[in-house]
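Student: I have a structure to read and would like to know how its labels are earned. Can we go through some of them one by one?

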Amino acid sequence: MAQAQTPQDVLNWIQNDDIQLIDLKFVDPLGTWQHLTIHRDLLEEESFTEGVAFDGSSIRGWKSIHESDMAMRPDPATAWIDPFMKEPTLSLICTVIEPRTGELYDRCPRAIAQKALEFLTAANIGDTAFFGPEAEFFIFDEVRFDQTANTGFYHVDSAEGNWNSGREEPGGNLGYKPRNKEGYFPVPPTDSLQDIRSEMLLTMAKCGVSIEKQHHEVASGGQCELGVKFAPIIQAADGLMTYKYVIRNVAKQHGKTVTFMPKPLFGDNGTGMHTHQSIWKDGQPLFAGDRYAGLSQMGLHYIGGILKHAPALLAFTNPTTNSYKRLVPGFEAPVNLAYSQGNRSACCRIPIATSPKAKRFEFRCPDPMANPYLAFAAMLCAGLDGIKNEIDPGDPLDVDIYELSAEELAKIPSTPGSLQEALEALKADHGFLTNPGVFTEDFIDNWIDYKLSKEVKPLSMRPHPYEFALYYDA
């Protein structure tokens, strides 16, 4: 468990436990942890302000080779012993800075989340933004995929997969496999992943993440979720990065593999990351009140900002082409740009809370492919824009969406249907991100260009396996 709060605490820990290696972790724009391991002699008290130098020219979406010098500034409050390293290694999460000026690097996601928090306090609205992500994932036994000029395929498999109910298995097929959409949540032996999830949960606790629960999720084929406690925006994003790191590495130790892809299986539930949010000031919750579903007017205005900017938000909260295979109208994912206290088909839901301190709202669109620092910062900016401009969220959607007529459905706006549409929305609507100085125009332009050139366009140029089933002999 994390033991440090100050640079000197970290240095004392290293000295007292005779730790030789320090692993410095930082996140790239796409949400992947990168790391550099240094000997303890390179870490000094000044390292926590001046940073540790590294070459950033090869990081996706960052600097070119002629301006590659960068520095990582470790956060002493993020220290934990890495449970997956053979040699005792202290892990520290870092924010990237410009080494010549010491200023936050404009393309560093953790720096952007820091700026979002500064915007919250500067606006004199609150001093703490709490986020509670619920990130789902699949545990598979095998994954194979390839893409060449004449081949394109993927194959995933799970001993839990309902599609394996008829196969021959070593020792005999015992048949305990969750049916499609019936994985929430039977006891073992149908749930075969209880022990591995428990190990994941307890390992996260050793890494300083406040844990709550674990369970099987709806889909067949090994869909799971671990529950962690909400936290302030930067700690919540740090925690989610640790969550992914621990889950992947524990799975690998058991000869299994994990994916956070929103839609790795056809015909079963996708993987989301419902994100709970609230704002506090001076230790008091600001979203509790006497308006709809026990919300305050501020809470409703926050939702108004989320709904207004949702199409642009999805470029960060649902940032992959695969994301939009989950967000499909008429299925289980929340695509309706509305709010409700009980309707899970609405993208904004107000959970029941018995205490004002638990009053929050839940944005149900995001998926765990999102870079949490960017997604949380963007959502906070959208909500604050709603508060500052008193944006009315409209009437709640307290009806069964599946019983509405086509005419009634047409009146409810929906989420973008593709990553390209979300990027176009971001291009047209990003002042709520750049005007406060949280995101820069350079970052927005770079993000849109990268996503279009590296993901949207390459995918659009490649034949899809299903196209052969549709058209080969037509």
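Tutor: Start with lysine 229, which lies over the face of phenylalanine 230 at 5.9 Å from the ring centre. Keep in mind that this is a predicted model.

Student: What makes lysine 229 count as lying over the face of phenylalanine 230?

Tutor: The cut-off is NZ of Lys within 6 Å of the ring centre and within 35 degrees of the ring normal. The distance here is 5.9 Å, so the distance condition of within 6 Å is met. Lysine 244 is another case, with its charged end over the ring of phenylalanine 260, 5.4 Å from the centre.

Student: Why is the pair of phenylalanine 316 and tryptophan 447 called tilted?

Tutor: The structure holds 23 aromatic pairs. In the pair of phenylalanine 316 and tryptophan 447, the ring centres are 5.0 Å apart and the planes stand at 40°. Rings pair if their centres lie within 6.5 Å, and planes under 30 degrees apart count as stacked, over 60 as edge-to-face and the rest as tilted. An angle of 40° falls in the rest, so the pair is tilted.

Student: What do phenylalanine 316 and tryptophan 447 tie together?

Tutor: Phenylalanine 316 belongs to helix H6 (residues 297-317) and tryptophan 447 to helix H11 (residues 441-460), so the pair ties together parts 131 residues apart in sequence. Both phenylalanine 316 and tryptophan 447 are buried.

Student: Which residues line the largest cavity?

Tutor: Tryptophan 447 is one of them, and the lining also includes Pro29, Leu30, Arg60 and Phe443. The largest cavity holds about 60 Å³ of space. By class, its lining has five nonpolar, two polar and one charged residues.

Student: How do you know that the span of helix H5 is close to what is expected?

Tutor: Helix H5 (residues 233-253) has 21 residues. The expected span is 1.5 Å times one less than the number of residues, which for H5 is 30 Å. H5 reaches 31 Å from its first C-alpha to its last, close to that value.

Student: What makes H5 mostly covered?

Tutor: Buried means under 20% relative accessible area, and 16 of the 21 residues of H5 are buried. Just after H5, glycine 255 takes a positive phi of about 70°.

Student: What is the volume of the second largest pocket, and which residues are closest to its centre?

Tutor: Its volume is about 1000 Å³. Of the 44 lining residues, Glu134, His274, Arg344, Glu362 and Arg364 are the closest to the centre. Strand E7 gives the most to the lining, with six residues.

How values were computed: Residues numbered from 1 in each chain as written. Predicted model: local features only at pLDDT ≥ 70, side-chain atom pairs only at ≥ 80, totals over all residues. Heavy atoms only, no water. Helix = DSSP H or I, 4+ residues; strand = E, 2+ residues; numbered from the N terminus. Buried < 20%, exposed > 50% of the residue type's maximum accessible area, 1.4 Å probe, protein only. 1 Å grid on protein atoms, 1.4 Å probe; cavity = no way out; pocket = protein on both sides within 12 Å on 5 of 7 lines; lining within 4 Å. Points joined across faces, edges and corners; volume = space filled by probe spheres on them. Phe/Tyr/Trp six-rings, centres within 6.5 Å; stacked < 30°, edge-to-face > 60°. Nonpolar A, V, L, I, M, F, W, Y, C, P; charged D, E, K, R; others polar.
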